[in-house]
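Q: I have a protein model open and would like to learn how to read it. Could you take me through some features, one by one?

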Amino acid sequence: MTKKYYVSESVFINVSCDLAEKMMKERLGDKFPLMFEDHGNSYNAEGQEHFNQLYEKVQNILEDADIIPTDIKLDEELGIDINQYVQRDEEDPKVIYFRESDFLEDAKEYLQEDKPDFKIIIE
């Protein structure tokens with residue numbers, strides 16, 4: 001199984017845009033400035049077409065490298081407090097009991113409630 005790297009949706013989009021624009025500059029060279037309208041604030045139709053093609057390629061490359069966009073944040077958005085699953089041993093302060101099955105069951109339930117349209121795969 002390949003390890004997947006999760007980044008926020010906004011970071012994924014920003015990186016994709018930055019790379020697509022850099023690739024576009026490299027590909028078009030001196031013609032790059034001609035791809036703008038509105039005093040350089042937006043692409044013209046031809047420029048937008050070039051950008052969209054490269055943007056899609058960049059996103060495919062990132063996903064092929066197992067860099068996955070996500071908006072799931074367990075601790076902040078779903079409110080999972082790990083302390084409710086941990087208990088210290090009264091006799092030995094260096095022993096901690098962790099209720100793993102309860103934690104995993106609750107985490108899955110939180111995900112299903114927060115992302116009802118997602119298919120959740122347990123690895």
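A: Gladly! Let us begin with surface patches: a nonpolar patch is built from residues with over 30% relative accessible area and no salt bridge, with nonpolar side chains joined within 5 Å. Keep in mind that this is a predicted model.

Q: Which residues make a nonpolar surface patch here?
A: Val-11, Val-15, Leu-19 and Met-23 make one, with an area of about 280 Å². You can find Val-15 in helix α1, which covers residues 9–28.

Q: Is Val-15 buried, partly exposed or exposed?
A: The idea is to look at relative accessible area: under 20% is buried, over 50% is exposed, and what lies in between is partly exposed. Val-15 has 35% relative accessibility, so Val-15 counts as partly exposed.

Q: Now for the inside. Which residues make up the largest nonpolar core?
A: A nonpolar core is a set of buried nonpolar residues joined through side-chain atoms within 4.5 Å. The largest one here has 12 residues in all, including Phe-12, Ala-20, Met-24, Leu-28, Met-35, Leu-54 and Leu-62. Two elements, α1 and α2 (45–64), give two or more residues to this core. Of the elements, α2 gives the most, with five residues.

Q: Which residues does Met-35 contact, leaving aside neighbours within four places in sequence?
A: Met-35, a member of that core, is in contact with Met-24, Leu-28, Ser-42, Tyr-43, Asn-44, Glu-46, Gly-47 and His-50.

Q: How many aromatic pairs are there?
A: A pair of aromatic rings is described by the distance of the centres and the angle of the planes. The count here comes to six aromatic pairs. One of them joins Phe-98 and Phe-103: the centres are 5.6 Å apart and the planes make 50 degrees, a tilted pair. Phe-98 is partly exposed, since its relative accessible area is 39%, whereas Phe-103 is buried, at 17%.

Q: Which residues form an aromatic cluster?
A: Phe-32, Phe-36, Tyr-43, Phe-51 and Tyr-55 form one. Among them, Phe-32, Tyr-43, Phe-51 and Tyr-55 also appear in the largest nonpolar core.

Q: What about charges: how many salt bridges does the count give?
A: Side chains of opposite charge can pair when their charged atoms come close. The count comes to one salt bridge. Arg-99 and Asp-102 form a salt bridge in which the closest N and O atoms are 2.9 Å apart. Arg-99 is partly exposed, with a relative accessible area of 42%, and Asp-102 is partly exposed too, at 32%.

Q: I also want to compare distance along the chain with distance in space. How far apart in space are Ile-120 and Lys-108?
A: Their C-alpha atoms are 8.0 Å apart, with their places 12 residues apart in sequence. Ile-120 sits in the segment after α4 (100–114) and is partly exposed, at 27% relative accessibility. Beyond residues up to four places away in sequence, Ile-120 touches Lys-108, Leu-111 and Gln-112.

Q: And how far apart are the C-alpha atoms of Thr-70 and Glu-91?
A: They are separated by 42 Å, and the two residues are 21 residues apart along the chain. Thr-70 belongs to strand β4 (residues 67–70) and is buried, with a relative accessible area of 17%.

Q: Which residues is Thr-70 in contact with, leaving aside neighbours within four places in sequence?
A: Those contacts are Tyr-6, Val-7, Ser-8 and Glu-9.

Terms used:
Residues are numbered from 1 along each chain as its sequence is written. This is a predicted model: local features need pLDDT of at least 70, side-chain atom pairs count only at pLDDT 80 or more; totals for chains, interfaces and linings use all residues. Side-chain values use heavy atoms; hydrogens and water are left out. Patches are made of residues with over 30% relative accessible area and no salt bridge: like charges are joined within 9 Å, nonpolar side chains (Val, Leu, Ile, Met, Phe, Trp, Tyr) within 5 Å. Accessible areas come from the Shrake-Rupley method with a 1.4 Å probe; for residues, only the protein chains shown count as cover. A salt bridge is a side-chain nitrogen of Lys or Arg within 4 Å of a carboxyl oxygen of Asp or Glu. Helices (H or I, at least four residues) and strands (E, at least two) are DSSP runs, numbered from the N terminus. Buried means under 20% relative accessible area, exposed over 50%, partly exposed in between (1.4 Å probe, protein chains only). Contact means heavy atoms within 4.5 Å. Rings of Phe, Tyr and Trp (its six-membered ring) pair if their centres lie within 6.5 Å; planes under 30 degrees apart count as stacked, over 60 as edge-to-face and the rest as tilted.
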